[in-house]
Amino acid sequence: MVGGSISALLLLAAALSLAYTPRDPLEMSIGERLRPPTWTHPFGTDQYGRDVLSRVLAGSSISILVGVIAVTIAVGLGLLIGSLSGYWGGWIDEGLMRLIDAIQGFPAILSAVLITAVFRPGVVISMIAIGVAFVPSFARLSRGGFLELRQREFVLAAQALGATDRRLIARHILPNTLAPVIVQATTSFPVAILAEAGLSYLGLGTQPPNPSWGLMLKEAQNFLAVNPWYAIFPGAAIALTVLGLNLLGDGLRDLLDPKAV
Amino acid sequence: MRRLLPRRLATLAVTLFLVSLLIFIVVRVLPGDPALVILGTEGNPEAVARLRHTLGLDRPLLVQYADWLGRAARADLGRSIQYDVPVVSLIQSRLAVTVPLTLMAAALMLVAALTLGVFAATRHRRLGDYVAMTLSQLGFAVPSFWLGLLLILVFSVKLQWLRAGGFDGWQDGPWPGIRSLLLPALALALFQFAGLTRATRSAVLDVMRDDYVRTARAKGVREGVVLWKHTLRNAMIPIVTIIGIQLGQLMAGSIVLESVFSLPGIGRLVLGAITARDLPVVQGVALFVATVIVVLNAAVDLVYGVLDPRIRRE
């Protein structure tokens, strides 16, 4: 419930920020640079006099968008690879699983660094890079489900009645493997948000002047002695978001996947 | 164990081959023309053609891959475009920072996580357990680079006990280097310890419910001996898995922390190479780090056989 409440608040703030923020996140005011929290700027201002609260709110929508797209890519590719591997078995399974081992040899940050090194850094590339890094976990999960269900009586019965491979996969097996995949998606979502913040901190994700929590922390580092509040609020936003989503994911796991409890 | 080792080595070789293929495809094939990627808008056709010939890009792809792989197997990862020195020597020079940082973080992580995990398990469903699990939840949530900034704020800016960044080197003994790496190692360890804490708690709880543990207590064995000699030894298998995985994660996580603390390690090497479009360095570092992680995971599998005779017999 705690996780759900925090997550709901976050989603509400992100949705609201698309239509309204207290000030324009990009509006500069050189006379109000690096101010601590005040009534007019509850989170203070940055080195260009921009309102940190507005930038934190605007950054939430970017973080959520990256998280959603990255996880969607991971689920899509992971389900495809896992279903082919688990259904057909044999050399297809061996080959795909060795490929998954190879991808898993890259921690998310390394694969993201590699991909953004080749293509220009940006939000889209970071979504793809993070999504690709998560494919192995979804592939293994769905493969495990397919291996277990492939030999079940209801599948064999459908096969005996003449169901095609496509029908067996789409109609009978895949729907029954989705519960743990959904749980994994909810636990991967906050990790994707962390990864986006990390990439933006390194300059490989969201590019300035667009607001991103990681990018704000990178900029704040230069002014720690002058205005430490600048570094506190974006980091707290990341921590609170990830905490809420992790708690929500734990709760969903208890609900949807009792075997994992 | 006799059958496990060759099988594991064969899987390792295949995985490393696929890792190298993936890196080659991402760096050489996907962007189209790496020479154009390197030169960008400054490249006139003659300059691009000259660079393509210098880098061997005018040869067939399979020949390029075989040549690159063959040289990599002989520890020749090419030459840095930016520094005009072998990539291997660049990596070697940076290992003097990244390896100690990773090991220090691993030691701190192990001490914190094993202590907290065992503590939580022995106080299951009591206040101590809830506090430990809350701390581990916070560990999952707090990003390492933010933690690094907070540590700089407290220990460097406010208390002025430690420097905010930089590396003093090992030439004057171990202590200047250890002092430089203390804050980044702490940030890295605290970020990773949450997973190991939960795994330790879970594994110890499972083993503590076994009959032989109850028998040991009934025989009057001291609780400390029950815990550390009987319980923890048999709880180690899942814990070893997590440790092995997290060693690789620590090394990858050091990429970000080196940027926070301005440490001249492998992380800053690869980030500088990205900015300079020095693709041989990016490629070489990616292959090196991925190889270390794959080998670590394989070593974890082999350690299973040492810890659990049932796996050896299988």
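These are my notebook entries from a look through a predicted model with chains A and B.

**Entry 1: confidence**

I started with how far to trust chain A. Its mean pLDDT is 85, and 97% of its residues score at least 70. I then went element by element: H4(A) comes out lowest, with a mean of 76, while helix H8 of chain A, residues 213-220, is highest at 93. I'll keep that in mind for H4(A), which turns up again in the next entry.

**Entry 2: where the chains touch**

How many residues of each chain are in contact with the other chain? I get 33 from chain A and 37 from chain B. On the chain A side, the elements giving two or more residues are H3 (90-104), H4 (108-118), H7 (165-201) and H9 (229-256). So H4(A), with the lowest mean pLDDT among the elements of chain A, is part of the surface that touches chain B. I sorted the chain A side by residue type and found 26 nonpolar, five polar and two charged.

**Entry 3: H3 against H5 in chain A**

H3(A) also packs inside its own chain, against helix H5 (residues 123-150). The axes are 8 Å apart and the angle is about 145°. I noted the crossing as left-handed. From H3(A), the residues involved are Ile100(A), Ile103(A) and Gln104(A). They meet Val135(A), Pro136(A), Ala139(A) and Arg140(A) of H5(A). By type, this contact has five nonpolar residues, one polar and one charged.

**Entry 4: chain B as a whole**

I moved to chain B and counted 13 helices and zero strands. Its C-alpha atoms fill a box of roughly 85 × 55 × 35 Å along the principal axes. Of its 314 residues, 40% count as buried. I also checked how far along the sequence its contacts reach. Of those between residues at least 6 apart, 70% join residues at least 24 apart.

**Entry 5: H7 against H8 in chain B**

Next I picked a helix pair in chain B: H7 (residues 144-158) and H8 (residues 174-208). Their axes are 9 Å apart and they pack at an angle of about 140°. That angle makes H7(B) oblique to H8(B). The crossing is right-handed.

Which residues of H7(B) meet H8(B)? I listed Ser144(B), Leu147(B), Gly148(B), Leu151(B), Ile152(B) and Phe155(B). Across from them in H8(B) sit Leu183(B), Pro184(B), Leu186(B), Ala187(B), Leu188(B), Leu190(B) and Phe191(B). The split is eleven nonpolar, two polar and no charged. A reminder to myself on spacing: an α-helix has 3.6 residues a turn, so residues three or four places apart point the same way.

**Entry 6: Ile23(B)**

Is Ile23(B), in helix H1 (residues 4-29) of chain B, buried or exposed? It counts as buried, because it has 24 C-beta neighbours inside 10 Å and the cut-off for buried is 20 or more. Setting aside neighbours within four places in sequence, I find Ile23(B) in contact with Gln283(B), Ala286(B) and Leu287(B), and also with Leu114(A) from the other chain. I tried one distance too: the C-alpha atoms of Ile23(B) and Phe140(B) are separated by 29 Å, and these two are 117 residues apart along the chain.

**Entry 7: H9 of chain B**

Helix H9 of chain B, residues 211-218, is hardly covered. Of its eight residues, the number that are buried is zero. After H9(B) comes Gly220(B), with a positive phi near 95°.

**Entry 8: backbone oddments**

What kind of peptide bond joins Pro208(A) and Pro209(A)? It is cis, with omega at about 5°. Pro209(A) is in the loop between H7 and H8 of chain A.

I also looked up positive phi values in residues other than glycine. Leu34(A) has phi near 50°, and it lies in the loop between H1 (2-19) and H2 (52-88) of chain A. With 16 other C-beta atoms within 10 Å, Leu34(A) is partly exposed.

In chain B, Ser262(B) has a positive phi near 50°. Its place is the loop between H10 (223-260) and H11 (266-275). Ser262(B) has 15 C-beta neighbours inside 10 Å, so it counts as partly exposed.

How values were computed:
Residues numbered from 1 in each chain as written. Chains lettered and ligands numbered in written order. Predicted model: local features only at pLDDT ≥ 70, side-chain atom pairs only at ≥ 80, totals over all residues. Contact = placed C-beta atoms within 7 Å. Helix = DSSP H or I, 4+ residues; strand = E, 2+ residues; numbered from the N terminus. Nonpolar A, V, L, I, M, F, W, Y, C, P; charged D, E, K, R; others polar. Axes fitted to C-alpha atoms, helices over the stretch in contact; angles between N-to-C directions. Left-handed = near helix turned anticlockwise from the far one by under 90°. Buried ≥ 20, exposed ≤ 12 C-beta atoms within 10 Å, placed from the backbone. Parallel < 35°, antiparallel > 145°, perpendicular 65-115°, else oblique. pLDDT = per-residue confidence, 0-100.
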